[in-house]
Amino acid sequence: MTMKTALAFFALSASMAAAQTFPDDLVERGRYVATASDCVACHTGPEDKPFGGNHRIASPVGDIWAGNITPSTTHGIGNYTEQQFADAVRRGIRADGANLYPAMPYTAFAKITDEDIHALYAYFMQGVAPIDEPSQQTTLEFPFNLRFSMIGWNLMFRDTAVHRDDPAKSAEWNRGAYLAEGPGHCSTCHTPRGMLMQEDGSLHLAGAQVGPWFAPNITSDKDAGIGSWQKDEIVAYLATGRAEGKSQAGGSMAEAVSHSFSKLTKDDLGAIATYIMDVPAIGGPARFGQGEAGNLTASFRGIESPDLSDPGKGAQIYSANCASCHGYDGQGTQDQYYPSLFHNSDTSGAGVNNFVAAVLNGVDRKTEEGHVFMPPFGTQPNAFNSLDDGQIALLANYAVAQFGDGQMTVAAEDVAMIRAGGPTSNMVRNVRILMAAAGVLVLIGTVVFLRRRKTA
Amino acid sequence: MTSSSQVIVVGTGVVGSVIAEHCLDAGLEVLMIEAGPRVSRAQIVENYRNLPLGAKPDATASYPPADWAPHPFHGLEHLESTGPNKYDPTYIRYAGGSTWHWAGTSWRLTPEDMQLRSRYGVGRDWAFDYETIDPYYNMTERKLGICGPADPADQWPVRTRSMPYPMPHLPLSQGERKFTEVMRDKLGLRNVPVAQARNSGMPYDDRPACCANNNCVPVCPVGAKYDAATSLNRLEAKGATILENSVVYRVETGEGNRIVAVHYYDRDKTSHRVTGEHFVIACNGVETPRLMLMSADDRNPNGLANSSDQVGRNMMDHPQQGYTFTTVEPYWLGAGPVVNSGIMETSQGDFRADHAAVYFRLNNFARNRDIAKRAMSSGKVGRALDEEIRRLTATSLNVVAAFEMLPDPNNRLTLSAQKDWLGLPRPSVYWDVGDYVRRSSAEYSNPLAQRIAEAVGATDFKPASPEKFSTSKHIMGGTIMGNDPATSVVDRHSRTHDHANLYLPGGGAMASTACGNSTITMTAMAFMAAEALVSEAKGA
């Protein structure tokens, strides 16, 4: 399809919304953009109802429910014009004029090009099956229930510029920058946020806690970031969720790998790697290369009672719960399907939150390599064993001391925080600050609103 | 404390759990009562690892029984055996039941296995045919997550499957492949992959894939093998109440001989009464008939469900004889699950009119544990001992002949005069494997085993004594199923002929044993019972 005919469709779509027919190749291109944007991860609750919404996103201000974005005319976006669709994706504004919460990464999606938005629209109107069922409504506490409070936030933090190629860089670099900063929305998780939950640009991709998981530093720093990784390791990580002897994707990164990265072309993954390797380094504690195989089995085997409720049993908790897959000495399997626990970012002091999160929540990701599944050890129905906070702290401390750099100790309270969905202290602080700031935002919003009405 | 429930399921093993889940999914209220404790997998794993080497082959050694819920255990008297042979099954009274330590082997019956009387003039026919149970086998294979071969040439029984296995079979290890080739080339026998309740190359049922710890018995340390303990949290999430450490000792009848309540002791010997509408007793083939006999009342002076006098009779097992021999060439068994292939075709034929059929199981337990003592007794030390252990680990094979057994009313479970910790009469079983089995050992199985040993180049084959049989843990027959209330305990739905709202599903209901392990047939029958119970509950 030529650009002219595409534009013709574009023009047509403004008035005809869902009634039109898009060519198959455009719909397919839109599917790819949707995959690169990982829409499905947030907008799908029950697996058999793709894009039907009903997916809960835990945020520091409360649960946000991702909506039904199927072309259902009763409960989805079937009545959206392309302009309304573009505004929702890139500006965070729904067809009815209400603001979306920035749980929808529209600050990143703002970079998506017109061509890709057009393809995306074609896909959602024609390539997705409508589901005529409502999604759960988001009901946040005051003042966050006032969606117009986001107007002020948008004024301060939303950059509406579409991606432009940097002529000083290669085409591959530019493609990578587009994918990583636009559809791929890496910064949404990997960039720490400021007091008003805006991304802190001075720490771009330097790592941030997102719920129970820590989205680590992925800048080019050799120790704290992934500057020591080869390009093909980054590509392999994105395609399979693991870089042998370094790191494995869990939590929402496992979802991103399963639903999005693993389905992108090798060229696009290479482009993302090229760009990511060029992201300015931001330092911090080292995450890789530490530790070695070892075990303390001889200290308890056949001597002590195997009552695992006894305190001081980290090594035996490891033996009972972990050793059958990861090896009695933590070296994993030869093929690293079961990763080694030394030389592993999760047993570095900086990554120990993710050790705890992986134990509590397990790991679940599907790629061409197969289905990687580590059972959870929380209170889930399929928990291998429901370890309590104290036991997980003992286990984490054993793992960090035995396989890691011994740089961090974990207390039962830390485990409780991660079990509750993330570091509570930060969350409470942020919410309180946000609550205070919200008043200001509402004020700003109101002023702007009144001014606009005056000038209208 | 719960004092009533719509459905009461006594026992939390595979049969009780499958029925409970079916009832919960149908919207019924379910209370499960378990005699034993509820323990973590991690605890069992460490119990096992802390055992001395010599105790590790004992499948129950990692499961010390609670005082109030005794089960067969080294050094503990619970199950009495009388008669010419020793009846010595293992079972576990823990939440999750004996699937904790099963190997996961999941052979289906064949159509012929269910018609011994009409085809061969021995034993009993089942109350229904293979086509009737086939859909429930399919349900079982999906519920438990049973992997099995996709190639019809490797499947058992030899017939077109109505549904494929949900997972491909686990690969055979090097030694198993070699054994399979030798059997095919030299004897024309098919050694086929075992269908087994084990996640094969993929997670299933929200449990991880098998990672070949070769530790299926006594416990899968990662939960890749189905055991009922893996489902208990899910049942609770669906609304079930589970009472552990609660020993049901009496089932109470009321008007119309319907069941109205069960009575249980807690761990402090305090008695409790729980009323309900539908009752499922799924305590295994020893404890279920024992409970029926213990519950005798004025209406049922010989015990509940026992107007036929068949409760506790027809006790069956797969009597087995093991052969260990040494080969010249290395086999290196022990990679993968502990039972991964076997010869089933020797279990079918017109000879069943004369003697029992047999199944040859190639055990795939890593051999070092078993041969270490033997190597040490050779007197070798140091490097020579290491080499001897290595040689024997590589070259010793263990093949087990598992026999079918006929239902004989004289093989009978009764209540002993001896009492257990709670003061309840212990079970006692008269046990005689029977001439049908002995003839098979002498005339059929021993000669076949010798040919197998010669085919693999064994130098030290010793025939098994036709008088000595060990017990499998496949407890069958004690509450036998049939269409005639005069000669059987339960009907085709595992419902007792005598009590309209009492189900006794499980191995006790099986009318023939065939040679394959009994669990998936028990589970298929559990689904049939669950459907009947739900339709009764919904109709009521």
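**A few odd spots in a predicted model**

User: Is B:A212 buried, partly exposed or exposed in this predicted model?

Analyst: B:A212 has 17 C-beta neighbours inside 10 Å. Being buried takes 20 or more, and being exposed takes 12 or fewer. The count for B:A212 therefore makes this residue partly exposed.

User: Where is B:A212, and what is its phi?

Analyst: Look in the loop between β6 and α6 of chain B, since that's where B:A212 sits. Most residues other than glycine have a negative phi. B:A212 is not a glycine, yet its phi is positive, at about 60°.

User: Which loop holds B:N245, and is this residue buried, partly exposed or exposed?

Analyst: B:N245 isn't a glycine either, and its phi is positive too, near 50°. Its loop runs between β7 (241-243) and β8 (247-253) of chain B. There are 19 other C-beta atoms within 10 Å, and buried starts at 20, so B:N245 is partly exposed.

User: What kind of peptide bond joins B:W156 and B:P157?

Analyst: Most peptide bonds are trans. B:P157 lies in the loop between β4 (147-148) and β5 (167-168) of chain B. Omega for the bond from B:W156 to B:P157 is about 0°, and the bond is cis.

User: How many residues does each chain bring to the contact, and how many on the side of chain A are charged?

Analyst: Chain A gives 21 residues and chain B gives 23. On the side of chain A, α13 (314-321), α14 (323-326) and β8 (370-374) each supply at least two. That side divides into 11 nonpolar and 9 polar residues, with the charged ones numbering 1.

Terms used:
Residues are numbered from 1 along each chain as its sequence is written. Chains are lettered from A and ligands numbered from 1 in the order in which they are written. This is a predicted model: local features need pLDDT of at least 70, side-chain atom pairs count only at pLDDT 80 or more; totals for chains, interfaces and linings use all residues. Two residues are in contact if their C-beta atoms, placed from the backbone, lie within 7 Å. Helices (H or I, at least four residues) and strands (E, at least two) are DSSP runs, numbered from the N terminus. Ala, Val, Leu, Ile, Met, Phe, Trp, Tyr, Cys and Pro count as nonpolar, Asp, Glu, Lys and Arg as charged, and the others, Gly among them, as polar.
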